[in-house]
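Visitor: I'm new here, so could you walk me through what we're looking at?
Guide: Happy to, let's bring it up.

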Amino acid sequence: MKETFGEYIKMLRTTKGLTLTQLAGLLQMDFANLSRMENGIRDFDKKKLSKLAEVFDLSIEELQGEYASDQLAKHMYEIGCSKELLKVAEEKAEYRRTIKK
């Protein structure tokens, strides 16, 4: 997915025909905070991922992956990460996978 996690939530919400207030109620959160999350002003609360998966009948593993990739991309953007640095990070991640027991 190319969109931000907030944009993804908004797409899911509108596809299902839910208003911001309705989804916020299902997630037991303030609709203003949900709006900020959808608009990229605020990060989605990781603790609410399982409820989000339940509301939209999604795999929690897939949703966690989308969330994690968005957080990683945001951090990379904030530090001005180059493609070369990303390649080195990929290599380090692969190395960590090989040494993990």
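**Salt bridges and burial**

Visitor: Why is E38 called buried?
Guide: E38 has 6% relative accessibility, and buried means under 20% relative accessible area (exposed is over 50%, partly exposed in between, with a 1.4 Å probe and protein chains only), so E38 counts as buried. Bear in mind that this is a predicted model, where local features need pLDDT of at least 70, side-chain atom pairs count only at pLDDT 80 or more, and totals for chains, interfaces and linings use all residues. Residues are numbered from 1 along each chain as its sequence is written, and side-chain values use heavy atoms, leaving out hydrogens and water.

Visitor: What makes R13 and E38 a salt bridge?
Guide: The term asks for a side-chain nitrogen of Lys or Arg within 4 Å of a carboxyl oxygen of Asp or Glu. The closest N and O atoms of R13 and E38 are 2.7 Å apart, so the pair qualifies. R13 sits in helix α1 and E38 in helix α3, 25 residues apart. R13 is buried too, at 9% relative accessibility.

Visitor: How many salt bridges does that rule give?
Guide: Five.

Visitor: How do you know that D43 and K74 form one?
Guide: Their N to O distance is 3.0 Å, so it falls within the 4 Å limit. D43 is in the loop between α3 and α4, while K74 is in helix α5, so the pair ties together parts 31 residues apart in sequence.

Visitor: Why is D43 called partly exposed?
Guide: Its value is 34%, so D43 falls in between the two cut-offs. K74, at 32%, is also partly exposed.

Technical notes. Helix = DSSP H or I, 4+ residues; strand = E, 2+ residues; numbered from the N terminus.
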